[in-house]
Amino acid sequence: MGESSLWRNIIVNVDSYKNAHYGMYPDGTEYVSSYVESRGGRFPATLFVGLQAFLREYLTRQITIDDINEAEAVHRPMGIPFNRQIWVDLVNDHDGYLPIEIEAVPEGTVVPTGNVLVQLINTDPRYPWITSFVETALLRAVWYPTTVGTLSWTAKQLVKGFLERTSDHPEAIRMYLHDYGNRGVSSLESAGLGGMAHLVNFDQTDTVPAYIAARQWYNAAAPNGSAVFQEHANVAAAGRDGEADTFRRLLKFPGVVVAGLLVDTFDHDRAVKEILGKEMHDEISQFQGLVAVRCDSGHTVKVPVDTVESLMDSFGYETNGKGFKVLPPNIRVIQGDGLTLDTYAALYAELEARGLAADNVLCGMGGGLLQQVNRDTLNFGFKASAMRINGEWRETVKAPTGSAMKRSKGGRLALRYADGTYSTVRRDSIPAEENQLVPVFRDGKILREWDFTELIERSERPTPESYYSGVVQGVAGVH
């Protein structure tokens, strides 16, 4: 579908009932101010990312009469009271751009849950309904990449501790989690947005849409990237007796720097101990790049750690400056099957418990990174907090008796940072220069764009351990 397709039409990027809300506000309503926050959940803090992609891809696009015609053709058969005239008026009054101002915390910032991340308000008092009309599209655009980015950021904080305790090279942290999630997500756009959020924290990805998204929407350079891995079809095609030849073929493949040998197509132990450890010992030892021995089945924690010890039996090891064993520098183990945040942390804990440096295993995560999250992972919400009616501002608060978590904030909001702590306060309670929310969009124009390097820099600023401690449950019974 082309650029004019329904998939980029903001009028239909909505829950259907929103079309009737224009007539449900009190008479005299002029402005509606709403905000987005994570109300809490699995993670105690969020790495905010993804809004700029939405602004560039959707909100800078003009609404046209063709869009209105398409939207009317969709909504009316659904039985929705679609008001064509309010959209025609918007095209005439604002040249098809939404009269909205959006301010947000700078992307890449790590903020404790329960704080405002985005705030928006209509800029034309004739269109107070437009603020909440964009809730569905904007919330989806924010919660997903922010949740994936937060999961990835948390993994980074956890592996950082293992590297600092067991490795001589903790500075290499950005290579310790690879994105394998491309085939496991629900859509191409999800792969792009979630994979892009992961690249804020780590440089490794197989998800091509992630690189495209980061480059297109945030001016990102290419990630350090991927390795050349075998798949089971490559190995199985040669049969059990030809397994060693498939390994050799990859080692001799032109331009290969990182060779990912898939050792579980037939018999994992035989491939590691007999083929790699004996038959191909010299070829592996003399390979000028990195031989990555990839585990792809069995116990997610035990198998890769056992594989490290088996390779040490064959190829030896060094003891690093912190007293932990490390494989020769051109041999590492890759674990990419079945990892979640819990098993990821448990794997590195098992290495440490056995006196093995974290360097020995590089991990990849697929569905556990990009797909096993939802809006309730961090309980994202979009709520109105203030309205101006007949010239008077009124606090607007949701306060359900059945859920304290769902109680919303009231008033025009600001995000304050003082003494190392973020807090959400009333906008008029602090000087404007102390407000961490930055205007990023107004009336179809982007006011401030963030470069991907800025997102990375903010994400790597020191944060309290409370932002990630207590998250992982771990895997018992490994030792």
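Biologist: Where does arginine 294 lie with respect to phenylalanine 229?

Modeller: A charge sits over a ring if NZ of Lys or CZ of Arg is within 6 Å of the ring centre and within 35 degrees of the ring normal. Here arginine 294 lies over the face of phenylalanine 229, 5.9 Å from the ring centre. Likewise, arginine 458 is placed over the face of tryptophan 450, at 4.3 Å from the ring centre. The model is predicted: local features need pLDDT of at least 70 and side-chain atom pairs pLDDT 80 or more, while totals for chains, interfaces and linings use all residues. Residues are numbered from 1 along each chain as its sequence is written, and side-chain values use heavy atoms, without hydrogens or water.

Biologist: How many aromatic pairs does the structure hold?

Modeller: Rings of Phe, Tyr and Trp (its six-membered ring) pair if their centres lie within 6.5 Å; planes under 30 degrees apart count as stacked, over 60 as edge-to-face and the rest as tilted. The structure holds 14 such pairs. One of them is edge-to-face because the rings of tryptophan 87 and tryptophan 129 have planes at 80°, with centres 5.2 Å apart. Tryptophan 129 also pairs edge-to-face with phenylalanine 133, at 6.0 Å centre to centre and 85° between the planes. Trp87, Tyr127, Trp129 and Phe133 form one aromatic cluster.

Biologist: Is tryptophan 87 buried or exposed?

Modeller: Buried means under 20% relative accessible area, exposed over 50%, and partly exposed in between (1.4 Å probe, protein chains only). Tryptophan 87 has 1% relative accessibility, so it counts as buried. Phenylalanine 133 is buried at 4%, whereas proline 400 is partly exposed at 31%.
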